[in-house]
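Let's take a walk through this one together, from the metal sites to a strand in a sheet and on to a chain interface. Have the viewer open as you read.

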Amino acid sequence: MALTIKEVEHVAMLARLSLSQQEKETFAVQLGTILEYASTINQLNTDGVEPLDHILPVFNVFREDQVEPSAPREEILSNGPLIEDGQYRVPKIL
Amino acid sequence: MELYELTLHELLTLHNNKQASSEEIVNSIFKRIHQVEGDVKAFISLDEDTARQKARAADSEKWPGKIAGMPFGLKDIFCTRGLKTTCASRMLENFVPTYDSTAGARLNAAGGVLIGKLNMDEFAMGSSTEQSAFFATHNPWDLTRVPGGSSGGSAAAVSADEVPFALGTDTGGSIRQPAAFCGVVGLRPTYGRVSRWGVIAYASSLDQVGVFSKDVEDCALVMNLIAGRDPRDATSLEVEVPDYTAYLDAGIKGMKIACPREYFGQGVDAGIQEAVKKALQKYEEAGAIVEEVSLPHSQYALPAYYLVATAEASANLARFDGVRYGLRDGQADNVIDMFSNSRSRGFGSEVKRRIMLGTYALSSGYYDAYYLKALKVRRLIYEDFQKVFNEFDLIVAPTTPTTAFKIGEQIGDPLTLYMNDILTVPVNMAGLPGISIPCGLLNGLPVGMQLIGKPFDEGTLIKAAYAYEEISGIRCLKPQQGVI
Amino acid sequence: MGKDYEVVIGLEVHAELKTDSKIFCGCSTAFGAEPNTQVCPVCSGFPGMLPVLNQKVVELAIITGLALNSKIPDYCKFDRKNYFYPDLPKAYQISQFDLPICMGGYLDIEIDGDKKRIGITRAHMEEDAGKLVHQGNITSTTFSLVDLNRSGVPLLEIVSEPDMRSASEARAYLEKLRAILLFAGVSDCKMQEGSLRCDANVSVRPVGETRLGARAEIKNLNSFRSLERAIEFEARRQIEAIEDGEAIIQETRTWDEDKQATRSMRSKEEAHDYRYFPEPDLPPLRISHEWVERLRTVMPELPDQAQIRLQESFGLPSYDAAILTLTPESLAFFDKCVELYPQPKMVSNWMMGELSRLLNQNNLEISDCRFGPAELARLLTLIDEGTISGKMAKGIFEDMFASGKPPDQIIAEKGMTQISDQDTLIKVIDEVIAANPTVVEDYRNGKEKALGFLVGQIMKATKGQANPGVVNTLLKERL
Ligand SMILES: [Mg+2]
Ligand SMILES: [Zn+2]
C-alpha cells in the first residue's frame, strides 16, 4: 500500500531531503511496495529471539588514551565549500 | 599473448624472471584500457602519470614489495589520498580525501600500482552499476548488458583485461553478483577480516572489502596482502591470517558440501540451477560429499536486509550535509534549506529511496515492526547457517538468479532490481565469507557459483574454488572474441 | 512560591571526562586552542572514517558509577542518535540509549541540616559536538562559523530522578555531584569552560498530586546562580500560567542571562525523532566484575567519606565538614594545614572565615590562592607563640593573600612583632597603673572586670603590639 504524501514529507524532513512533487508521488508508491515486501518478515514468529545487533563475537576493542597529532588545518579544511577564519561557514540556523 | 591478458601470478613470474618490466606491464594495461574503455566504461578516473612513475620506480627497485610494479584498480568507494574519490555520486564529485583506505594502503605498501578508480552504483546502492551518477558500465561479455553491481566497474575491468585484479566492496552481494555476471572470481571475506577504514560506508554491519581476480590463485595472493587486523577499525578482528596460497590444491576428497534447497527454487533460472548442479556432480566425482540441506529462513533474508542496510545507510549518509565537504547549495539562506537542497541535488534517486526507506524503518512508531524485527530475523538466518556448519565444511549455491540482464531492463522497478541480491544477502546478514567463481556459460553468458564458508574460513573457500578450476578446467574465462 | 504548588526538578548534567585524547580519535582535548586545530578526519566526520573507543573513557565512567552508587551492568553498547546540526559532523552522535554504562544510583545532599537522598536514573558515555559561533546576534545573524575542536570530546551524561523540590535543592545536588566528580578525579568540572553543563527539567503540580506536570527542559545554565534563578523563574512562570488557565507545553527553553528569564526555543521544525539504533562500528562492552573491582580499589576518598573523617577524627561540626569537602583542593589544604598545626577547628575557622571571604570577594578558587597550607599553619603558630596577636594576624593574612609573601616576611617588613619583652611592658604597665588610680582601687576591692579595662589601656598604649598573655601575668603581679 502506498504511503501518503504527508508520510513521505515527514520522512523527507527527518532525512533532510527536499523532494519535488513528482518525487514525493513516486516515492509514495515505491516505498509502499518495498515496505509491503519488507513486511513479509512479520509472518515469522520471533518471540524470544534476541535481536542480532552485533555480528562479531568480539568485545572491548579499545585504543589507549594517547594524543596523536591532529590534521594540519589547511588540509582538513581543504574540501570545505565555504571557509572563513579557519572555520566552516554555514547560513543562519533559525 | 599480450601482457594485459595475464593473471597477477603470471605477471609476477615474468617480472621476477626479468622477462617483463613493470613499465612494460603498465604500458600494456593502459594500451588495453585505451582500446576498450570507450565500450566498457569501467573507470571513473585514471591515474596514468602516477602509475607510470610507480612502474618505473618498481623497475629501479625504488617501489619494492611483494607485488612490486603490479597494476590494480580500486572501486571508487576506497578513499585515496590526493586522488578524487566520488563514490559515483554528484555529492562527492570533487572530493579529494587526505587519507588512504587501509586495504588500498596495504596494496601500495606491497608495491602495487594503482591504475584508476572504478565505477559503481552510487554509494554502492544497486545491482547493475546503472545507478552511477556519471555513466553506466557495460558488461564485456555483451555490451548491451549490465556488469552487475554495485562493484560493476571492478568486475568489468578485470573481465575486460583492463586490470589483473581489483578491490570492491560487498554489502549484499556487490562483489559476488558482478563477478558472476562478468565471469571472474569475486571473494567477499568474513565480516571483520579486511579493514573498512577509509572505505565509504553504505551499511556498516554488512560492508566488507573483497577481491576481484581472473583466477583463484590471484585471489589468494591478494587476500594475503589485505587481510588482517587494523587498529583503526574496531570491527576488524584479531584472527590469524593464514597463507591463503597454501590452500591452492585440488584435494577436496572427503570435504562435506551442503547444497541448500532454498537456493534452487522459484525465481532462479533453470539453466543456472542446472549449471551449478553439474558443478556439484564434479565435486562429488572428485571425492567430496554433497548433501542437500535446508536454510529455512532464506526467504526472509532479503526483506530483512533491505531494512537493516537502509537503516544504517540513512545514518551513514547523513554526514553529507554540505558543511565540510561535498556538494553544497550556496544559495540557501538558512541551514535547514542548505542541508536539504544540498542533499537533494547531490544524491541520485536510488540513494534517496534507500535513505527514505531506512529513515522510515527507524522512525518512531515503526522501529519495532521493521528495524528491530529485521535484527531478530537476522539472528535466525545466522543460526540457520550455524546449524549447517556444525556438519558441513562448505555451502554451494548459485550466485545469482539470472545471468547478466540488459541495460535499462530493470530500471524504474526497484523491487525487481533488489531481487538480484536474493541469493547473496544471506551471507552478508550472517557475516560469512562467500566466493563466486565462474562455473560455465548459459547462452554465452557466464554463470556464477557461490561457495559459502564458516566465519574466517576463507581458506576452505579458496581450496574448493581452486579445486573446481582444476576439475572443470574453467579458469580465466574470456569474453567471446569480437565483443570487445 | 505559592503554597499550593510544588516544583519538581530533575537535572541532566554533562560532565567532560578527564582524558588527554578524544573519545574516538587521538586528537587532544585541551581547552582553548585555535579553531579547528584539534581535529582530524575522524572527529570531523569524513567519509570512510571509523571510531575506536578510548579505554580511559570507559574506566572514568565506571569510576563515576561507583562513586554514585550505580549498578555497572556486565554488558553495554553504543548507539547512534540521529539529528542534523552544523556542529554535529556525522549528523549522528555516538551515545548510549537503552544499555548505558551506569544504571541507577543516588547521592545525598544536605539542606539546612537535613539530609535528602536524590536518585540517579542513569549515566551514559557520549561524544560532544563542535561549537557554533553566531556572527552577531543570534536572531539577526546571517551566518555562523563551525569549530570542531570540541567534537569528540568525551562526556558522561548523568541524569537524575525528578527528586528535587526547590532551586536550592537543585543547587545542592549540582554542588554535591561536582564535588563527587572532582574527588573521583573523573572531570575538571569547569562550568565556565563547559566541562560541566547542566540542563534542568522543571515542572509544577498542585501539592498532593502524584502525577508529573508537563515539563520544560531549560538549557544554557552555565553557573550555579543561573541554575537557581532559572528554576525560580520557570516555576513562577508555570504557576502563573496554570492560574491563568493556560496549559503548560512540554518544550525546550533557554535561560536568558541578560533578561533573567527563560524563553521558548521552539522553532518551526517538528519534534525530534532521534531514530536511535546500535552503533555497528563499535563492538559492545563486556564489563567484568574483576575490572570493576580493580577500579574500585583505586577509587580516591569521596566527599561523604571525607566529611565523616573530618567530623569523627577532628571533631568538626558537619557544617564545616560539608564546606571543606566541596572540592579536593580545599580538603587537601585543610589536611595539610592540620598536619602542621594540629588544631582542626582553628584551621577550619580561618579557612571558612578569612580565606573563603577573600576568595569570594576576588572571585577566586582555593587553587588560585597565592600561599599554601604551610603559610597558614605558620601564621597560626605565630599567634600561639605570642609573636603576634589574633588581631594582627588578620591584617597579616590579608597581606599574605594579596602578596603571597610568607607571614614571617610580612611581620619583619612591617616591624609588627608583638611586644613580649618584660622590661618594656613593665614600663607601660606602671604608667597605666599610675594614670588610673580609681580603677586600680576597684580591682583591689574585688572588681575583676577592672582588669580588662587596664589591659585595654596597655594595648592601646602599645598600638596593639603587646603580648596579651604576658601583659595579663605582669599586670596581676604589679597590682
Ligand atoms: Mg546527551
Ligand atoms: Zn580527531
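Before we start, one cut-off: a residue counts as buried when its relative accessible area is under 20%, worked out with a 1.4 Å probe on protein chains only. Keep in mind, too, that this is a predicted model.

With that in hand, go to Glu157(C): its relative accessible area is 9%, so it is buried. Glu157(C) offers an OE atom to the magnesium ion (ligand 1), and the other protein donors there are His14(C) through NE2 and Glu126(C) through OE, with distances of 1.9 to 2.7 Å. Read along the chain, these donors are spaced H-x111-E-x30-E. His14(C) sits in strand β1 (residues 5-16) of chain C and Glu157(C) in strand β11 (residues 154-160) of chain C, so this pair ties together parts that are 143 residues apart in sequence. His14(C) comes out at 12% relative accessibility, so it is buried as well.

Stay in chain C and move to the other metal, the zinc ion (ligand 2). Its protein donors are the SG atoms of Cys25(C), Cys27(C), Cys40(C) and Cys43(C), lying 2.3 to 2.4 Å from the ion. The spacing here reads C-x1-C-x12-C-x2-C. What is the geometry of the zinc site? It's tetrahedral, with angles of 102 to 114° among the four donor atoms. As for exposure, Cys25(C) is buried at a relative accessible area of 5%, and Cys27(C) is buried too, at 1%.

Now hop over to chain B and find strand β5 (residues 185-188). In a regular strand, side chains alternate between the two faces of the sheet. Here Val185(B) and Leu187(B) point one way while Gly186(B) and Arg188(B) point the other, and all of them are buried. β5(B) runs antiparallel to strand β6 (residues 209-213) of chain B, joined by three bridges, and it also pairs antiparallel with strand β10 (residues 434-442) of chain B, again over three bridges. Leu187(B) is a handy marker for both pairings: it stands opposite Val211(B) in β6(B) and opposite Ile435(B) in β10(B).

Last stop: where chain B meets chain A. How many residues are in contact? It's 68 from chain B and 49 from chain A. Together the two chains bury about 5,200 Å², and carbon and sulfur atoms give 69% of that. The salt bridge count between chain B and chain A is two. One salt bridge to look up joins the side chains of Glu75(A) and Arg81(B), at 3.4 Å from N to O.

Note on methods:
Residues are numbered from 1 along each chain as its sequence is written. Chains are lettered from A and ligands numbered from 1 in the order in which they are written. This is a predicted model: local features need pLDDT of at least 70, side-chain atom pairs count only at pLDDT 80 or more; totals for chains, interfaces and linings use all residues. Side-chain values use heavy atoms; hydrogens and water are left out. Donors are N, O and S atoms within 2.8 Å of the metal (3.2 Å for Na, K and Ca); water is not among the atoms, so sites may look incomplete. Four donors count as tetrahedral if all angles lie between 85 and 135 degrees; four count as square planar and six as octahedral if opposite donors are over 155 degrees apart and all others between 65 and 115; anything else is irregular. Buried means under 20% relative accessible area, exposed over 50%, partly exposed in between (1.4 Å probe, protein chains only). Helices (H or I, at least four residues) and strands (E, at least two) are DSSP runs, numbered from the N terminus. Two strands pair if DSSP finds at least two bridges between them. Contact means heavy atoms within 4.5 Å. Buried area is the accessible area (1.4 Å probe) that two parts lose on being put together, summed over both. A salt bridge is a side-chain nitrogen of Lys or Arg within 4 Å of a carboxyl oxygen of Asp or Glu.
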